[in-house]
There are 2 protein chains.
Amino acid sequence: MEIQPLLNYISTYVSLTEEEETFLASKVTYRKYLKGQYILQQGDVCKHQCFVISGCTKMFHIDDSGQEHIVMFAIENWWTSDMGSFITQTPADYNIQCIDKSELIMFSYDVIEDLYSKIPKLERFFRKIIERALVASQKRIVRSFSLSAKDRYLYFRNQYPKIDKLIPQYMVASYLGITKEFLSKIKKQLLTEE
Amino acid sequence: MEIQPLLNYISTYVSLTEEEETFLASKVTYRKYLKGQYILQQGDVCKHQCFVISGCTKMFHIDDSGQEHIVMFAIENWWTSDMGSFITQTPADYNIQCIDKSELIMFSYDVIEDLYSKIPKLERFFRKIIERALVASQKRIVRSFSLSAKDRYLYFRNQYPKIDKLIPQYMVASYLGITKEFLSKIKKQLLTEE
DNA sequence: AGTAAATATTAAACTAGATTAACATCATTT
DNA sequence: AAATGATGTTAATCTAGTTTAATATTTACT
């Protein structure tokens, strides 16, 4: 089944019965996206929580001066959405774009509450997922203040080697909060000292 | 009842019956802290999710070079904990300290799962709280990359005037990710241009 | 009230990282 | 294989924010 990777993932947090899995399968949407396609655009309302089966997405904000700031990437087994827009159903602050051919499973706003009521274990599952996302986000704040750009890059490369290899360098720079020129300088420096 | 502010707060998300409220009251702990007291120390395991009834706390990390980085403040009706340490029951990355005489309600790790099972509405409540915390945290990341130190301070002062007035300036600087000297410079500049 | 401790200010010298702009390389299409 | 667009590099100049260190001010304690 197309959604098997999702079921496997869920099973590491809570165990669903077969009927529950079938019910879940009937409520979510599997969808393929091409490289470059948008899942969400800044200003639109975020209608889905997306689980990435394959490929890679970036969530980014474009500020008043036109600069792009990448908040997160998502590869297989990661979740992505503009949570603020989703929970309040108001216009999104972020864009979510596929930076590679991707397969996603989408939980729409209209069904997710229903899923929570019918299968309380799913509410538990999402609570745990979001707890983990919060932890990651807070750690990123501390890193952005306590580490130099070079150390932030080293941390990124070490934690997410797959993403580092997959995506263009200027996106890594945006994620790290530095310019592409400066990241280029850092990488050169790392080469000569290693 | 001491925990009334918590019950009021919860009621804005989910509605509990009287029995549920009584049960909840029997499971949580009300505690007063003095200015300067620690609720959690980096390296210890975080045993509680804390709801602030009055006063003010700061959560901060001390990095390898001894520098303090404030991740968040919490005043009345806010929550604080090292979520990463709490959910995995491993040593905390952060300290949580009262920067003013404070009253807290503490949900211990040992009872919170029990509360979730007995009162599923509480699991829903916490899911929603954590969703909001995640949204706030992601927005802070974007601000830290897209705004200048001055604009970050203006945003902070505008969003949290109470905290800005309550706490020493060097803590605001730490929260903003700048030095106290530079914040002093910014404030002077703001005075002359207003 | 007087003293110590904590907090805030100022200014000079310094640096991590930004900006600009020109050039180089790589990938994709025709 | 030439051409186009996307990505990456280099180097010079610039600036937001740091560092250091000395001084001022406020707060809290006896």
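# Two chains, two DNA strands

Sorted by class, the surface near DNA strand C holds five nonpolar, four polar and seven charged residues. Here Ala, Val, Leu, Ile, Met, Phe, Trp, Tyr, Cys and Pro count as nonpolar, Asp, Glu, Lys and Arg as charged, and the others, Gly among them, as polar. What you're looking at is a predicted model, in which local features need pLDDT of at least 70 and side-chain atom pairs count only at pLDDT 80 or more, while totals for chains, interfaces and linings use all residues. Residues are numbered from 1 along each chain as its sequence is written, and chains are lettered from A and ligands numbered from 1 in the order in which they are written.

## Around the DNA

Let's stay with DNA strand C for a moment. It has 16 residues around it, and A149(A), F182(A), P168(B), Q169(B) and S184(B) come nearest; a residue is near a strand if its C-beta atom, placed from the backbone, lies within 6 Å of it. Two or more residues each come from α6 (149-159) and α9 of chain A, and from α8 (169-176) and α9 of chain B. The largest share belongs to α9(B), with six residues. The helix and strand names come from DSSP runs (H or I and at least four residues for helices, E and at least two for strands), numbered from the N terminus.

Now hop over to DNA strand D. This strand is surrounded by 16 residues, the closest being P168(A), Q169(A), S184(A), A149(B) and F182(B). At least two residues each are supplied by α8 (169-176) and α9 (180-193) of chain A and by α6 (149-159) and α9 (180-193) of chain B. Here α9(A) gives the most, six residues. The class split for this surface is five nonpolar, four polar and seven charged.

Two of these DNA-side helices also touch within chain B. The axes of α6(B) and α9(B) come within 10 Å and cross at roughly 75 degrees, where axes are lines fitted to C-alpha atoms, for helices over the stretch in contact, and angles run from 0 to 180 degrees between N-to-C directions. So α6(B) is roughly perpendicular to α9(B); angles of 65 to 115 degrees count as such, under 35 as roughly parallel, over 145 as roughly antiparallel and the rest as oblique. On the α6(B) side the contact involves A149(B), K150(B) and Y153(B), which meet F182(B), L183(B) and I186(B) in α9(B). That patch contains five nonpolar residues, no polar ones and one charged.

## How the chains meet

Chains A and B have plenty to do with each other: 27 residues of chain A are in contact with 27 residues of chain B, contact being C-beta atoms, placed from the backbone, within 7 Å. On chain A's side, β5 (68-74), α3 (83-88) and α5 (120-146) each supply at least two residues. The top contributor is α5(A), with 18 residues. By class, this side of chain A has twelve nonpolar, nine polar and six charged residues.

How are the copies related? A turn of 180 degrees and a shift of 0.0 Å along the axis lays chain A on chain B with an RMSD of 0.0 Å, superposing by least squares on C-alpha atoms of residues with pLDDT of at least 70 in both. That is the relation of a two-fold axis. Both copies use the same surface, as 100% of the contact residues of chain A recur in chain B.

## The sheets

In chain A, four strands make an open antiparallel sheet in the order β2-β7-β4-β5. Its edges are β2 (38-40) and β5, each with a single partner strand, so one side of each lacks a neighbour in the sheet. On average, neighbouring strands are turned by 30 degrees against each other, direction ignored. Two helices pack on this sheet, and both touch β4 and β5 of chain A: α8(A), at about 100 degrees to β5(A), and α5 (residues 120-146) of chain B, at about 140 degrees to β5(A).

Chain B has an open antiparallel sheet of four strands ordered β1-β8-β3-β6, with β1 (29-33) and β6 (79-80) as edge strands that pair on one side only. Across β3 (48-54) and β8 of chain B lies helix α4 (residues 109-118), at about 65 degrees to β8(B).

Here are some strand pairs; pairing takes at least two DSSP bridges.

| Pair | Bridges | Sense |
|---|---|---|
| β1(B) and β8(B) | five bridges | antiparallel |
| β2(B) and β7(B) | two bridges | antiparallel |
| β4(B) and β7(B) | four bridges | antiparallel |
| β4(A) and β7(A) | four bridges | antiparallel |

To find your way, look for Y30(B), whose bridge partner in β8(B) is I105(B). In β7(B), I96(B) stands opposite L40(B), and Q97(B) stands opposite K58(B). In chain A, F60(A) stands opposite N95(A) in β7(A).
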